[in-house]
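The following note sets out points on the packing, strand pairing and surface of the structure below. Please read it alongside the coordinates.

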Amino acid sequence: MELERKPAAFGDMRRWLDALRAEGELHEVKAEVDWNTELGTIVRMAQGPGTGPALLFSNIKDYNKPGSRGRRVFAGSMSNYRRMAMVFGLHPDTHPRELVKLARNIMAGTLPPKKVGTGPVKENIVTGKDVDLFEFPTPHWNRTDGGRYIATYAGCVTKNPDTNVMNVGVYRGMIGDKNHIPIYMYRAQHIGHHALAWQQKGAKEMPIAFVIGWEPTLDFCAGSPVPMGVCEYDVMGAIRGAPVELVKCESHDLYVPATAEIVIEGFLQFDPATHMEEGPFGEFTGYVAGERLPRPTVRVTTITHRNDPILRGTVEGALPGSFSENAVCSSIMRSAIAWNVLDRAGIPGVTDVWGPPVHATTNLLVQIKQTYRNQAKQVANAIWGSSASHVRYKHVTVVDDDIDIHDYAAVDWAIAYRVNAGENDIVIMPSTFGAGLDPSTRKRDRDIALFGSGKWNRLLIDATINLDYDPDPDFGGARFPPTVWPSPEDEQAVRARWKELGLDGKKRG
Ligand SMILES: Cc1cc2nc3c(=O)[nH]c(=O)nc-3n(C[C@H](O)[C@H](O)[C@H](O)COP(=O)(O)O)c2cc1C
């Protein structure tokens, strides 16, 4: 069935909240909540396995006084497939498999942004000595965090000094003091490429802006490995079906959405003497990670914000029973991106790709209609050769097209009986780049300041039927025996008698 998509340009985060409210997807917490640990604990406990509501906190301790610069915090809107479908302009009941297929197309689309003179984000402009990050109700999300993280789902804007193409990525940032934000970034991410380009030009710092709170396409795209050289604003435009309207920052010539809630402008300093301590933080792996170390730090020059701004934030980290926004988003966009990588590599017969939300696609499942021997190895090589695999796709499992990769039992069954570790079905690709936050990697190898990236030993599980086996005349020339499931004729005959047998309405296959 053709999906009916009506691209949704909400206009700003407030209209997105209205849309969520209208669908019964938003819960407003009006009781007083402490920004210190309590708020983050509520978000984590409420999100469930993709089942919890989006949350708007409107009564936050210490920030519920008249004159508070910021009073409200919004979290949780992307941790659910119904809401993800709304972002794409689809019916909320659309199956994740269809979301992945659609994401393949829309993430490859571009619609350039439009520059406008001004917008609501300029309603308040705070500069110089008046800048005080503590004026916003930034949660101390987890008791174990090293501080208050103001950039958790912020779109971090930088630009390539040679091409002027901007990049928008999500990189965690902690309040170091009233006007400094140390961040956690890898040299292998696009922000790292930009930093290198500025350094090679002799710059001591790089313009940067954090966009905190806009339409959900910002959340979706900024956290996605959109290819280097393609600006996320262009992809956001393609998804929402209208150009993103941008205004120029006060401190430099980066551009930010005109209707953003809060924009923090500044410069990322390169001199290690300026680094401030950052971390640890409750991370995407579901573990506390990224130990306290001096990290590259943003010198904040200006904050612009709307009247009564809403601080957008999120808890990172998925666990069984509690899926984060990043995890649910990743399961869609990182599956879509992996599928596009396989297509571009020219691998035939890919019929489905899925990375379940509980690990945010650290384990990737690929379903193929294999036509030649060892096709699964080509799949793994292509995935791991792509820059998109930097912090994902550690383990790749490939199955045949009779295995539903959205069905855990089906995949597990294929691994049980189509994998033979002595027949090269298990392949390790040692010492590749990878997430510096994964606790299964030794501490020394997680040092991203020393190595620029983490270290992953990657694994292919080839759970396809081995085409290197000889066709067996006993199985009609097939490599594997038939399963015990009845033949179509036998099944049909019994189905015809199902009611007569008194089995109608009972659970069955
Ligand atoms: C909520 C959230 C938090 C993230 N935190 C970080 C982070 O602290 N550091 C980092 O390098 N990537 C982080 N990521 C992943 C990057 O945003 C992602 O890899 C993205 O592709 C980076 O943009 P880029 O591809 O333009 O470099 C986070 C993603 C999300 C959604």
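**Notes on the model**

1. The model is predicted. Leaving aside neighbours within four places in sequence, His305 is in contact with Arg69, Pro120, Val121, Glu123, Asn124, Val126, Phe136, Glu261 and Ile262. This histidine belongs to strand β19, which covers residues 297-305. Is His305 buried or exposed? With a relative accessible area of 3%, His305 is buried, because the cut-off for that class is under 20%.

2. The largest nonpolar core comprises 94 residues, and those with the most contacts inside it are Phe74, Phe88, Phe220, Tyr233 and Val366. Helix α8 (residues 325-344) supplies the largest share of this core, namely 10 residues. A second core, separate from that one, holds 44 residues, among them Trp141, Cys156, Phe270 and Ile303.

3. Phe88 merits a closer look. Its contacts, with neighbours within four places in sequence set aside, are Arg5, Leu99, Leu102, Ala103, Ile106, Phe220, Ile239 and Ile332. Of these, Phe220 is also listed among the residues with the most contacts inside the largest core.

4. Strand β22 (residues 363-368) has five of its six residues buried, so the strand is largely enclosed by the rest of the structure. Strand β21 (residues 350-354) runs antiparallel to β22 and is joined to it by four bridges; in this pairing, Val350 stands opposite Ile368. With strand β23 (residues 395-400), β22 pairs in the parallel sense over six bridges, and here Val366 stands opposite Val398. Val366 is, in addition, one of the residues with the most contacts inside the largest nonpolar core.

5. A further point concerns an open sheet of three strands, ordered β4-β12-β13, in which the pairing is mixed. Which are its edge strands? They are β4 (114-115) and β13 (255-257), each of which pairs on one side only. Strand β12 (residues 245-248) is joined to β13 by three bridges, and the two run antiparallel. Within that pair, Leu246 stands opposite Pro257 of β13.

6. On the surface, Val494, Leu501 and Leu503 make a nonpolar patch of about 220 Å². Leu503 is located in the segment that follows α12 (488-497). How is Leu503 classed by accessibility? Its relative accessibility is 31%, and Leu503 therefore counts as partly exposed. The value also satisfies the patch criterion, which requires over 30% relative accessible area.

Conventions:
Residues are numbered from 1 along each chain as its sequence is written. This is a predicted model: local features need pLDDT of at least 70, side-chain atom pairs count only at pLDDT 80 or more; totals for chains, interfaces and linings use all residues. Side-chain values use heavy atoms; hydrogens and water are left out. Patches are made of residues with over 30% relative accessible area and no salt bridge: like charges are joined within 9 Å, nonpolar side chains (Val, Leu, Ile, Met, Phe, Trp, Tyr) within 5 Å. Accessible areas come from the Shrake-Rupley method with a 1.4 Å probe; for residues, only the protein chains shown count as cover. A salt bridge is a side-chain nitrogen of Lys or Arg within 4 Å of a carboxyl oxygen of Asp or Glu. Buried means under 20% relative accessible area, exposed over 50%, partly exposed in between (1.4 Å probe, protein chains only). Contact means heavy atoms within 4.5 Å. A nonpolar core is a set of buried Ala, Val, Leu, Ile, Met, Phe, Trp, Tyr and Cys residues joined through side-chain atoms within 4.5 Å. Two strands pair if DSSP finds at least two bridges between them.
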